[in-house]
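Biologist: Could you take me through one part of this model at close range? I would like to see how a single helix sits among its neighbours, and then a few individual residues elsewhere.

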Amino acid sequence: MPLPPGTLASLRRAAERGDGTAMHNLAHFYHDHSDYEAAEYWFRQAAAAGHTRSMNNLAVLLDQFGALDEAESWYRRAAAGGNRNAMFNLATMLFQCGDRAEAETWYHHAAMAGHVDAMYNLARLLEDHDRLDAAEAWYDEAAAQGDIDAVNNLGLLLRRRGALTEARRCFRRAADLGHPRAMSNLADLLESQGAHREAETWYRRAAG
């Protein structure tokens with residue numbers, strides 16, 4: 001979207017005066033217009049001035065272009081500065097590199113800071129390690145924040161633990177919101193409980 005006349009010039013003047021927010025917004029403007037060289041320059045300027053969102057965005061840009069070591073460094077600086085998106089991105093990078101222990105640490109920090117995707121990813125990681133109580137708690141928290149995938153996964157975990165009534169409630173909640181896998185999971189659970197007609201209805205809905 002083009003800026004109003006004169007806005008880009010005034011934004012640049014403010015950035016050149018050292019205004020961190022202006023640097024950040026100018027970098028976003030260039031990024032949105034695919035001028036990645038200029039975006040990187042201004043993200044770097046803002047990051048050097050201590051702007052944690054720019055640190056994270058610079059890391060994302062570097063990550064996309066394969067400069068992984070430097071990206072990780074900026075993710076760490078932004079995360080240490082309290083940026084929850086950087087905490088999540090750092091955790092994801094570490095997880096993809098096979099460092100699940102530190103990934104868990106940063107997912108936990110991000111989740112505690114209110115990052116819903118981090119809550120979900122942390123729950124999945126915990127479930128993979130059979131730490132089911134903790135996984136259930138984080139699925140429940142993510143579900144409470146409106147994450148439909150978390151609602152479905154909470155249902156799967158509850159079914160695994162034998163809490164079938166609660167599992168069915170979760171599946172139904174997610175299914176009613178249009179989640180296809182939850183529809184299928186609800187149908188499967190109903191089928192196992194002898195509710196064949198309702199199960200068939202949900203199987204049909206899941207199939208589209």
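Modeller: Happy to; what follows starts with one helix and its packing partner, then turns to some single residues. Please keep in mind that this is a predicted model.

Let us begin with helix H4, which runs over residues 52–64 and has 13 residues. From its first C-alpha to its last, H4 reaches 18 Å, close to the 18 Å expected at 1.5 Å a residue. Just after the helix comes Gly66, with a positive phi of about 85°.

Which residues of H4 are buried? They are Ser54, Met55, Asn56, Asn57, Leu58, Ala59, Leu61 and Leu62. The cover over these buried residues includes helix H2 (20–32) and helix H3 (36–48), and also includes helix H5 (68–80) and helix H6 (84–96). A general point helps in reading such a list: an α-helix has 3.6 residues a turn, so residues three or four places apart point the same way.

Of these neighbours, let us follow H3. The axes of H3 and H4 lie 8 Å apart, and the two helices pack at an angle of about 145°. The crossing of H3 past H4 is left-handed. On the H3 side, the contact is made by Tyr36, Ala39, Glu40, Phe43, Arg44, Ala46 and Ala47; H4 brings Ser54, Met55, Asn57, Leu58, Leu61 and Leu62. Sorted by class, the residues in this contact are 9 nonpolar, 2 polar and 2 charged.

Glu40 of H3 deserves a look of its own. Is Glu40 buried or partly exposed? Its relative accessibility is 26%, so Glu40 counts as partly exposed, given that buried means under 20%. Setting aside residues up to four places away in sequence, Glu40 touches Leu58, Leu61 and Leu62. These three leucines are among the buried residues of H4. Glu40 also has Ala27 to consider: the two residues are 13 apart along the chain, and their C-alpha atoms are separated by 6.9 Å.

Now for the residues elsewhere. His115 has its place in the loop between helix H7 (100–112) and helix H8 (116–128). With 10% relative accessibility, His115 counts as buried. Leaving aside neighbours within four places in sequence, its contacts are Arg84, Asn85, Phe88 and Ala110.

A second histidine, His179, is found in the loop between helix H11 (164–176) and helix H12 (180–192). His179 is buried too, with a relative accessible area of 8%. Its side chain is joined to that of Asp149 by a polar contact of 2.7 Å. Beyond residues up to four places away in sequence, His179 touches Ile148, Asp149, Asn152 and Ala174.

Helix H10 (residues 148–160) holds Ala150, which is buried with a relative accessible area of 0%. Where do the contacts of Ala150 lie, once residues up to four places away in sequence are not counted? Ala150 touches Tyr120, Tyr139, Ala142 and Ala143. Between Ala150 and Cys170, 20 residues apart along the chain, the C-alpha atoms are separated by 9.4 Å.

Last comes helix H13 (residues 196–207), with 12 residues. Its end C-alpha atoms are 16 Å apart, which agrees with the 16 Å that it should span at 1.5 Å a residue. Gly208 follows H13, and its phi is positive, near 85°.

Conventions
Residues numbered from 1 in each chain as written. Predicted model: local features only at pLDDT ≥ 70, side-chain atom pairs only at ≥ 80, totals over all residues. Heavy atoms only, no water. Helix = DSSP H or I, 4+ residues; strand = E, 2+ residues; numbered from the N terminus. Expected span 1.5 Å × (residues − 1). Buried < 20%, exposed > 50% of the residue type's maximum accessible area, 1.4 Å probe, protein only. Contact = heavy atoms within 4.5 Å. Axes fitted to C-alpha atoms, helices over the stretch in contact; angles between N-to-C directions. Left-handed = near helix turned anticlockwise from the far one by under 90°. Nonpolar A, V, L, I, M, F, W, Y, C, P; charged D, E, K, R; others polar. Polar contact = N/O pair within 3.5 Å; in protein donor to acceptor, adjacent residues only side chain to side chain.
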